[in-house]
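Trainee: Could you take a close look at one part of this structure with me? I'd like to go through how a pair of helices packs, and then see what the aromatic rings are doing elsewhere.

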Amino acid sequence: MTKQEHIVNTALTLFYTKGLHAVGINEILAESNVAKKTLYNHFASKDELICACLAKRDTQFNSWFEEICNKPLAIEVAISLFTGLKLWFANQVPKLGHFNGCFFINAAAEYPNAQHPIAKQCMQHKQTILDIILTALLATPELKNNKVKALEIAHTLLTLKEGLISQARVTRSQSFVMPSITLLKHITQS
């Protein structure tokens, strides 16, 4: 692992656990055991480091998300998506680490200016997630010739996904109800 990767991994863990504004450069330096000069040789600013952390998390999350959405039938895409979320909430997805909500929702809340590079990266992540769901749905026999319907279902699944992530993060509980099979069948077959 390069020094740059080590810094990003350390910063990502700290940012995801504590928040972007709550973690300072000195804490990252102490935790990563690198010199300030080394950090600034790789990243011109804290914002640049945050963007690198968002890019790493985007790659990690999207890889996992594509795996769980890659199913042969639309109902299976939906069921697998919510089963995957439940495992993540229960800290059973090692690739994603200990659950602390969506790193992109958390980051967007700390950077509300839509023109800020961090906010733009968060918006792009959500678009990519929608695209992953849509691609998975369009690969199913039920929806391969109906992009309008597939897009409608993708938006609905994305909205449910985002709501469940927020609910799990805020309540720190898994006691809420996941979408039922009946609801998912209705969404994917209506």
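Mentor: Let's start with the crossing of α7 and α8, which is right-handed. Keep in mind that this is a predicted model. Two packed helices are described by the angle between their axes and the distance between the axes. Here, α7 covers residues 117–138 and α8 covers residues 147–171, and they pack at an angle of about 130 degrees with their axes 9 Å apart. Angles over 145 degrees would count as roughly antiparallel and 65 to 115 as roughly perpendicular, so α7 and α8 come out as oblique to each other.

Now for who meets whom. From α7, the residues involved are K126, I129, L130, I133, L134, L137 and L138. Across from them, α8 brings K147, A150, L151, I153, A154, H155, L157, L158, K161 and E162. Hold on to K161, since it turns up again: its charged end sits over the ring of F65, 5.8 Å from the ring centre.

That takes us to the rings. F65 belongs to a cluster that ring pairs build from F61, W64, F65, W88, F89 and F99. Look at W88 and F99 in there: their ring centres are 4.8 Å apart and their planes stand at 90 degrees, so this pair is edge-to-face. It links distant parts of the chain, with W88 in helix α5 (residues 74–89) and F99 in the loop between α5 and α6, 11 residues apart. Buried or exposed, you may wonder, for W88? W88 is buried, at a relative accessible area of 1%, and F99 also counts as buried, at 7% relative accessibility.

The loop between α5 and α6 also holds K95. At 36% relative accessibility, K95 counts as partly exposed. Leaving aside residues up to four places away in sequence, K95 touches Q60, S63, W64 and E67, and W64 is one of the cluster residues. The C-alpha atoms of K95 and F61 are separated by 8.0 Å, although the two residues are 34 apart along the chain.

There are 10 aromatic pairs in total. One of them is Y16 with F103, which is edge-to-face, at 6.0 Å centre to centre and 85 degrees between the planes. Y16 lies in helix α1 (residues 3–18) and F103 in helix α6 (residues 103–110), so this pair ties together parts that are 87 residues apart in sequence. Both Y16 and F103 are buried. Y16 has a charged partner as well: the charged end of R57 sits over the Y16 ring, 4.7 Å from its centre.

Step back for the whole chain, and you get nine helices and zero strands. The C-alpha atoms fill a box of roughly 60 × 35 × 35 Å along the principal axes. Of the 190 residues, 43% count as buried. And if you take contacts between residues at least 6 apart in sequence, 67% of them join residues at least 24 apart. The Y16–F103 pair, at 87 residues apart, is a nice one to look at with that in mind.

Conventions
Residues are numbered from 1 along each chain as its sequence is written. This is a predicted model: local features need pLDDT of at least 70, side-chain atom pairs count only at pLDDT 80 or more; totals for chains, interfaces and linings use all residues. Side-chain values use heavy atoms; hydrogens and water are left out. Rings of Phe, Tyr and Trp (its six-membered ring) pair if their centres lie within 6.5 Å; planes under 30 degrees apart count as stacked, over 60 as edge-to-face and the rest as tilted. Helices (H or I, at least four residues) and strands (E, at least two) are DSSP runs, numbered from the N terminus. Buried means under 20% relative accessible area, exposed over 50%, partly exposed in between (1.4 Å probe, protein chains only). A charge sits over a ring if NZ of Lys or CZ of Arg is within 6 Å of the ring centre and within 35 degrees of the ring normal. Axes are lines fitted to C-alpha atoms, for helices over the stretch in contact, and angles run from 0 to 180 degrees between N-to-C directions. Angles under 35 degrees count as roughly parallel, over 145 as roughly antiparallel, 65 to 115 as roughly perpendicular and the rest as oblique. A crossing is left-handed if the near helix is turned anticlockwise from the far one by less than a right angle, and right-handed if clockwise. Contact means heavy atoms within 4.5 Å.
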